[in-house]
Amino acid sequence: MHIEVILTISYMSFNIMYTLNISIIIPVYNVSNYLKKCLESVINQSLLDIEIIIINDCSPDPLDHEICNEYASNDKRIIYIQHKKNLGLGGARNTGLSVAKGEYVWFLDSDDFIDTNACEFLYTLAKSKNIDVVAFSATSHVDGNLCLSGRDYYYYWRDLAMLDNIYCGKEFIGLALASNSFIVSACLHLFSNKLISNYKFREHVIHEDTDLIPMVIYNANSVYCIKYAPYYRLLREGSITQSKVTESTLMNKFSYVESLFNYMGELDLNAKDPLLLYSLQLFHAVEHQYSEYINKTNSTEVLFSSLRKIYNNSLMQITKEDIKQNVESGAYN
């Protein structure tokens, strides 16, 4: 914590004369083979008024620290924070959010990279239209050691019908779900700091953006979707997106479904609410995966039974009540 305070104060004094446009938050964990390419793409942005927040989440790779420290020493826009204990990707992003001073926030994974004019383009667009969230696309590339035979290839493209229009968050989710193009990756959105700073990622989990990003977008006043693909996502062996289903990954999926169920319990929803539809899709997908998982344990049984109970007692009641009200009002006559 002492290191964090010193670095933050030093940086604030350096930037006191001008407004920061974008805070780029980069968690780091065991990525030394890819980290320099990531950081080079950030420090060479055509938009200069950015801050680069690097969080070393107790990486076991000593080269990660050496690389981060070297770049921080040579670029005063960099805040380098070292966690004293591992908090996972969500926890590292929360640390970055806690110190971010930019008008907008962009999350970048440390094994990916971005176009060098990306910040300027996205910031100019967001400011010119006063947008809370800019949603964009990504190009996937493959590590040479990864064989895609028998695997799903990942595409990150927005639906053409949704491009270049301003939507409220609820409308955006509904349209994206209808076109099967709702992307929840935190990295493929530029967020207003005023909006995203009201939220926190779950810590010590994977898929930490599966629940949070829909919640953030749901509450956005304005979302603008573009075809532009400034983000280059790496598919590599051992990454989260390439991991096989295990008890641990199932438990994490139960966790994001539970998070969404709990959040919706605080809202007054109807059966057509896009966040409800999204959550039910997730629940049924996880339910299917769980039904085919052969190594069930008492722990997974207990957690899934809890989700099923919420689904049956709460969410299904919303649908039943909505149908009942429509019948009584004559909507189905």
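This briefing covers aromatic pairs, charges over rings and salt bridges in one structure. The model is a predicted one, and a search of the whole structure finds 14 aromatic pairs as well as nine salt bridges. Helix 10 and helix 11 are tied together by ring pairs, among them F283 with F304, and also by a salt bridge between R308 and E287.

**Aromatic pairs**

- The rings of F283 and F304 have centres 5.9 Å apart and planes at 5 degrees, and because planes under 30 degrees apart count as stacked, this pair is a stacked one.
- Since F283 lies in helix 10 (residues 274–292) and F304 in helix 11 (residues 298–328), their pairing ties together parts that are 21 residues apart in sequence, and both F283 and F304 are buried.
- F283 also forms a stacked aromatic pair with Y311, with 4.5 Å from centre to centre and 20 degrees between the planes.
- This second pair ties together parts that are 28 residues apart in sequence, because F283 lies in helix 10 whereas Y311 lies in helix 11; F283 and Y311 are both buried.
- Ring pairs link F283, F304 and Y311 with F254, F261 and Y290 into a cluster.

**Charges over rings**

- Y290, which belongs to the aromatic cluster, has the charged end of K296 over its ring, at 4.9 Å from the ring centre.
- R233 lies over the face of Y156, at 5.1 Å from the centre of that ring, and R233 is also linked into a network of salt bridges.

**Salt bridges**

- D209 and R93 form a salt bridge in which the closest N and O atoms are 3.7 Å apart.
- Because D209 lies in helix 8 (residues 209–218) and R93 in helix 4 (residues 88–99), the bridge ties together parts that are 116 residues apart in sequence, and both D209 and R93 are buried.
- The network of salt bridges that includes R233 links this residue with R93, D109, D112, E208 and D209.
- R202 forms a salt bridge with D211, the closest N and O atoms lying 3.0 Å apart; R202 is buried, with a relative accessible area of 16%, and D211 is buried as well, with a relative accessible area of 3%.
- In the salt bridge between R308 and E287, the closest N and O atoms are 1.7 Å apart.
- R308 lies in helix 11 and E287 in helix 10, so this bridge ties together parts that are 21 residues apart in sequence, while R308 is partly exposed, with a relative accessible area of 26%.

Note on methods: Residues numbered from 1 in each chain as written. Predicted model: local features only at pLDDT ≥ 70, side-chain atom pairs only at ≥ 80, totals over all residues. Heavy atoms only, no water. Phe/Tyr/Trp six-rings, centres within 6.5 Å; stacked < 30°, edge-to-face > 60°. Helix = DSSP H or I, 4+ residues; strand = E, 2+ residues; numbered from the N terminus. Buried < 20%, exposed > 50% of the residue type's maximum accessible area, 1.4 Å probe, protein only. Lys NZ or Arg CZ within 6 Å of the ring centre and 35° of its normal. Salt bridge = Lys/Arg side-chain N within 4 Å of Asp/Glu carboxyl O.
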